[in-house]
Amino acid sequence: MHHPKFSQSSATLPAAKGSPPSGRWILALGTQLATIGLLATILPPMPASAITIRFPRTKNAYRACSVELMGAGLTADAAASACADALHPRDISKCVVQINRKTNIAAVEALGSCQRVRRPLQLATCVVDINTKSRTTTTTPLLVLDQCRRSLLPEQFSECVVGLSRQVDFSLDRLMNTCLDTREKVSQVDDRPIPKLPVDLIAPPSRLN
């Protein structure tokens with residue numbers, strides 16, 4: 001028989017540190033594990049074919065070019081011919097679309113210039129910037145298109161025109177003529193003589209037998 005005082009004092013003592021978890025915690029943990037196991041047996045495994053990784057598809061450049069040109073108003077024949085002749089079709093279509101959307105220039109007019117330059121995207125930037133950012137008297141957009149096409153460096157040309165227009169009170173035509181970097185103007189600025197080869201390095205003319 002246990003002593004009454006001993007039983008009462010032992011029941012009120014706190015559990016010692018490091019003692020094993022109580023029974024109800026063990027029961028709760030076991031219930032959770034049993035639930036997880038039951039769900040694993042009920043739910044069917046996901047087949048490997050259902051796990052797919054999607055990568056963005058690269059559009060065909062010629063298809064995208066024709067879509068953009070026809071969307072700008074060009075006929076199917078004109079769009080197909082322009083895209084097929086281009087080394088970089090998207091550059092041509094982007095040039096036409098940008099000029100057509102941001103200026104009053106028709107897509108047909110823009111296409112002719114975009115096909116005749118080495119840098120179609122810079123041409124578009126030049127035409128749009130001069131038409132929208134210049135503070136001087138506006139001229140016909142087709143004249144701006146022609147001047148940008150004639151420039152060797154279209155972006156630098158437009159920066160010159162727009163920059164001077166904010167400070168100098170010139171007409172836009174005069175500004176474009178001033179900034180136009182044609183080969184004739186480059187040759188006039190550079191007055192250095194053309195180097196000549198030494199006489200002894202020039203091969204003598206061949207004698208006829």
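**Phe157 and the helices around it**

Trainee: Which residues does Phe157 touch, leaving out those up to four places away in sequence?

Mentor: Phe157 touches Cys126, Ile130, Gln147, Cys148, Ser151, Met176, Cys179 and Leu180, where contact means heavy atoms within 4.5 Å. This is a predicted model, in which local features need pLDDT of at least 70 and side-chain atom pairs count only at pLDDT 80 or more, while totals for chains, interfaces and linings use all residues. Residues are numbered from 1 along each chain as its sequence is written, and side-chain values use heavy atoms, with hydrogens and water left out.

Trainee: And which residues touch the most other members of the largest nonpolar core?

Mentor: Ile99 and Phe157 do, among the 34 residues of that core; such a core is a set of buried Ala, Val, Leu, Ile, Met, Phe, Trp, Tyr and Cys residues joined through side-chain atoms within 4.5 Å, and buried means under 20% relative accessible area with a 1.4 Å probe, protein chains only.

Trainee: How do the axes of H7 and H9 cross?

Mentor: They come within 8 Å and cross at roughly 10°, the axes being lines fitted to C-alpha atoms over the stretch in contact, with angles from 0 to 180 degrees between N-to-C directions. H7 and H9 are therefore roughly parallel, a label for angles under 35 degrees. Helices here are DSSP runs (H or I, at least four residues), numbered from the N terminus.

Trainee: New topic: which residues are buried in H8?

Mentor: Val144, Leu145, Gln147 and Cys148 are, and because they fall within an arc of 165° seen down the axis of H8, they line one face of the helix. The arc is that of the directions from the helix axis to the C-beta atoms.

Trainee: What covers them?

Mentor: The cover includes H5, H6, H7, H9 and H10.

Definitions and conventions
Buried < 20%, exposed > 50% of the residue type's maximum accessible area, 1.4 Å probe, protein only. Helix = DSSP H or I, 4+ residues; strand = E, 2+ residues; numbered from the N terminus. Parallel < 35°, antiparallel > 145°, perpendicular 65-115°, else oblique.
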